[in-house]
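Let's take a walk through this model together. Pull up the sequence and the 3D view, and we'll go from a charged pair to a helix.

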Amino acid sequence: MSVVSTPAVLLRSFDYSETSKVLKFYSRELGLVSVMAKGIRRGGARGQAAPDIFSRGELTAYVRPTRDLQTFKEFALAEAGAALGKDVVRFAGASVLAEIVLLHGAPDPSPHVFERLTNALRRIEVEPRASLIGAVLAEGWVLVTTLGYEPQIEGCVHCGKSLDSSEVSRFDLAAGGTRCADCAAGHSGPLVGPGARHQIRDLLRGTVPEELGKPKAHLHLLHDFVLYHISGSKPLKAFRVFGSLAELDE
Ligand SMILES: [Zn+2]
């Protein structure tokens, strides 16, 4: 067993007993890690209360590599997650990003994923309300790409031809990208016209498009992509909550 200290963000917290919690962090050094925090519900022997969800700081844990559940030592808070907790829509948006990482399972630690996720959470905390949905979509696509699942929208995933600037394509979820109009015949994937492709291109760069048409359709596409490629068909609860709270236009 070794003592490991690592920058980490708290993504989930479950009551385990009257006094203990299981805390699930994404951390830079250990990736996704669950720790048993004994005594934390009554303030703990060291007087430490459980941090709010989305709090960032330095996690110290006793780690046995062969175990799934590690032992919490302490968490030195750097940025409280409380600001996200005060606003249900922001909290739901942040939960979408957390859900992507949690469902991926992130078996190997990735400093890139850690940086993307923590920067995204900071952004969701302060993004102007008018562009909040766009920011969640942008950070969602960038996170998906950072995890290694970049969608292909510059050409046809079936025949390889580049798409005409006015071409209406369809998104082929299984292949992870767009099909040209010819290869889309008979395919049931969602229609993705030139305007939507342009917007997805912006989102993949982490930018909110000037005019985000059909935010609901965009959220559906990201949802379906994550469901197909990352979650292994496990339902995406946070997406559903965010979709209903954000009051998306069709
Ligand atoms: Zn084609």
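## Salt bridges and a covered helix

Start at E79, which is partly exposed, with 26% relative accessible area. Keep in mind as you look around that this is a predicted model.

What does E79 pair with? Its partner is R122, in a salt bridge whose closest N and O atoms sit 2.9 Å apart. E79 belongs to strand 5 (residues 69-79) while R122 is part of helix 3, so this salt bridge ties together parts of the chain that are 43 residues apart in sequence. R122 is partly exposed as well, at 33% relative accessibility. The pair doesn't stand alone, either: R56, E79, R122 and E125 are linked in a network of salt bridges.

Zooming out for a second, the model has 16 salt bridges in total. Two others are worth a click. D87 forms one with R90, with 3.2 Å between the closest N and O atoms. Are these two residues buried or exposed? D87 counts as buried because its relative accessibility is 16%, under the 20% cut-off. R90 is buried too, at 11%.

The other salt bridge joins the side chains of E167 and K161, again at 3.2 Å from N to O. Here the partners are a mixed couple. E167 is buried, with a relative accessibility of 9%, whereas K161 is partly exposed at 34%.

Now swing over to helix 4, which covers residues 132-146. This helix has 15 residues and reaches 21 Å from its first C-alpha to its last, close to the 21 Å expected at 1.5 Å a residue.

How many of the 15 residues in helix 4 are buried? Twelve are, so the helix is mostly covered. The buried set starts with L132, then picks up at G134 and carries on through A135, V136, L137, A138, E139, G140, W141, V142, L143 and V144. An α-helix has 3.6 residues a turn, so residues three or four places apart point the same way.

What does the buried part of helix 4 pack against? Its buried residues meet helix 2 (88-104), helix 3 (111-126), helix 6 (194-204), helix 7 (215-229) and helix 8 (237-245). You've already met one of these neighbors: helix 3 is where R122 lies.

Finish by following the chain just past the end of helix 4. There you'll find G148, which takes a positive phi of about 105 degrees.

Notes:
Residues are numbered from 1 along each chain as its sequence is written. This is a predicted model: local features need pLDDT of at least 70, side-chain atom pairs count only at pLDDT 80 or more; totals for chains, interfaces and linings use all residues. Side-chain values use heavy atoms; hydrogens and water are left out. Helices (H or I, at least four residues) and strands (E, at least two) are DSSP runs, numbered from the N terminus. The expected span of a helix is 1.5 Å times one less than its number of residues. Buried means under 20% relative accessible area, exposed over 50%, partly exposed in between (1.4 Å probe, protein chains only). Contact means heavy atoms within 4.5 Å. A salt bridge is a side-chain nitrogen of Lys or Arg within 4 Å of a carboxyl oxygen of Asp or Glu.
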